[in-house]
Amino acid sequence: MDFVPASERASGAEDLYLPRTVRTAVKILVVGHFAVGKTTFVGSLSEIRPLRTEETMTQAGALVDDLAGIDGKTTTTVAMDFGRLTLSESLVLYLFGAPGQQRFTRLWQDMTQGALGALVLADTRRLEQSFEVMGLLEEHGLPYAVAVNHFDGAPVHPEEEIREALDLLPETPLVTCDARDRASSTRALITLVEYLSKRTAPETVQEYV
Ligand SMILES: Nc1nc2c(ncn2[C@@H]2O[C@H](COP(=O)(O)OP(=O)(O)O)[C@@H](O)[C@H]2O)c(=O)[nH]1
Ligand SMILES: [Mg+2]
């Protein structure tokens, strides 16, 4: 597989348009706990201006948010990120970044529709906070790879220790990335796509990449 993101082949306005050779669009989720780098990640590799949508979660949030004493606060705002990355002549990824809290059940139901897989961003300072999102992906039957987003000063552990701490299956890909860096973030996504192409039916990704 020879992936050359469109961002490295062309520049400027051309990036706005998909090459005519694109035959498959794949929906990929970029998930993780608060402040793990989702918005940064989608922003650094999107060819189109990344979109952040603010969704008002009235009911879902009201169940768990303690609204007592917060004058006028009747809603919870959820930020979603959206971006696009052309991975090869024939394959384009649509990236949906979203928070991984259990309480965003409705959002997750919508977001996982038609998604092929997910990239879980993790932070070695708070690995335990990744369990919730990995649990949600497993509930929805979505395969995933894990990318440790390296923050300055965050502890660096051997891969085996991280696998153990996150209780990863042996086949689950684990990579390190810097969400601020386009090349590094693209590599993390390629790892995910390669993993997905190995485990999904040929008519989905495999024949196109
Ligand atoms: N040092 C460092 N900072 C990062 C990295 N990724 C994100 N950040 C910073 O961490 C903060 C949270 O990132 P953000 O993308 O908003 O997280 P989100 O809540 O998951 O969308 C921001 O201030 C980013 O600039 C990274 O790889 N390294
Ligand atoms: Mg964000």
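How many helices and strands does the secondary structure of the chain come to? In this predicted model, the tally is seven helices and seven strands. Read from the N terminus on, these elements follow the order α-β-α-β-α-β-β-α-β-α-β-α-β-α. The chain has 209 residues, and buried residues make up 48% of them. Contacts across the sequence are also worth a look at the outset: of the contacts with a separation of 6 or more, 75% are accounted for by residues 24 or more positions apart.

A good place to begin the tour is strand 4, which spans residues 91–99. Leu95 has its place in this strand, and with a relative accessible area of 0% it is buried. Leaving aside residues up to four places away in sequence, Leu95 touches Ile28, Val30, Val42, Leu45, Asp81, Phe82, Gly83 and Leu189. One of these residues, Gly83, is 12 residues from Leu95 in sequence, and the C-alpha atoms of the two are 5.0 Å apart in space. Gly97 is also placed in strand 4, and it too counts as buried, at 0% relative accessibility. Its contacts, again not counting residues up to four places away in sequence, are with Val30, Ala79, Met80 and Asp81. The pairing of Gly97 with Val30 spans 67 residues in sequence, yet the distance from C-alpha to C-alpha is 4.5 Å.

Aromatic side chains come next. The structure holds two aromatic pairs. Phe82 and Tyr94 form a stacked pair, with 6.0 Å from centre to centre and 5° between the planes. Phe82 belongs to strand 3 (residues 76–86) and Tyr94 to strand 4, so this pair ties together parts that are 12 residues apart in sequence. How accessible are the two partners? Phe82 counts as partly exposed, at 22% relative accessibility, and Tyr94 is likewise partly exposed, with a relative accessible area of 22%. Together with Phe96, Phe82 and Tyr94 form one aromatic cluster. A lysine joins the picture here: Lys27 lies over the face of Phe96, 4.8 Å from the ring centre. Lys27 also leads to another part of the chain, as Gln113 is 86 residues away from Lys27 in sequence but 9.0 Å away in space, C-alpha to C-alpha. Gln113 is found in the loop between helix 4 (105–112) and strand 5 (115–122), where it counts as exposed at 58% relative accessibility.

The packing of helices offers another view of the fold. In general, two packed helices are described by the angle between their axes and the distance between the axes. Helix 2 (residues 38–45) packs with helix 7 (residues 182–199) at an angle of about 100°, and their axes are 9 Å apart. An angle from 65 to 115 degrees counts as roughly perpendicular, and helix 2 and helix 7 are therefore roughly perpendicular to each other. On the side of helix 2, the contact is made by Phe41, Ser44 and Leu45, while helix 7 contributes Arg182, Ser185, Thr186, Ala188 and Leu189. By character, the residues of this contact divide into four nonpolar, three polar and one charged. Leu45 of helix 2 and Leu189 of helix 7, both part of this contact, are also among the residues touched by Leu95.

The loops hold some details of their own. Most residues other than glycine have a negative phi. Against this background, Ala35 stands out with a phi near 65°, a positive value in a residue other than glycine. Ala35 sits in the loop between strand 1 (24–32) and helix 2 and counts as partly exposed at 43% relative accessibility. A positive phi is also found for Asp167, with a value near 55°. Asp167 lies in the loop between helix 6 and strand 7, and at 64% relative accessibility it counts as exposed.

That loop also provides a contrast in accessibility. Thr172 has its place between helix 6 (159–166) and strand 7 (174–177). Is Thr172 buried or exposed? At 4% relative accessibility, Thr172 counts as buried, whereas Asp167 counts as exposed. Not counting residues up to four places away in sequence, Thr172 touches Tyr144, Ala145, Val146, Arg163 and Tyr195.

Definitions and conventions: Residues are numbered from 1 along each chain as its sequence is written. Chains are lettered from A and ligands numbered from 1 in the order in which they are written. This is a predicted model: local features need pLDDT of at least 70, side-chain atom pairs count only at pLDDT 80 or more; totals for chains, interfaces and linings use all residues. Side-chain values use heavy atoms; hydrogens and water are left out. Rings of Phe, Tyr and Trp (its six-membered ring) pair if their centres lie within 6.5 Å; planes under 30 degrees apart count as stacked, over 60 as edge-to-face and the rest as tilted. Helices (H or I, at least four residues) and strands (E, at least two) are DSSP runs, numbered from the N terminus. Buried means under 20% relative accessible area, exposed over 50%, partly exposed in between (1.4 Å probe, protein chains only). A charge sits over a ring if NZ of Lys or CZ of Arg is within 6 Å of the ring centre and within 35 degrees of the ring normal. Axes are lines fitted to C-alpha atoms, for helices over the stretch in contact, and angles run from 0 to 180 degrees between N-to-C directions. Angles under 35 degrees count as roughly parallel, over 145 as roughly antiparallel, 65 to 115 as roughly perpendicular and the rest as oblique. Contact means heavy atoms within 4.5 Å. Ala, Val, Leu, Ile, Met, Phe, Trp, Tyr, Cys and Pro count as nonpolar, Asp, Glu, Lys and Arg as charged, and the others, Gly among them, as polar.
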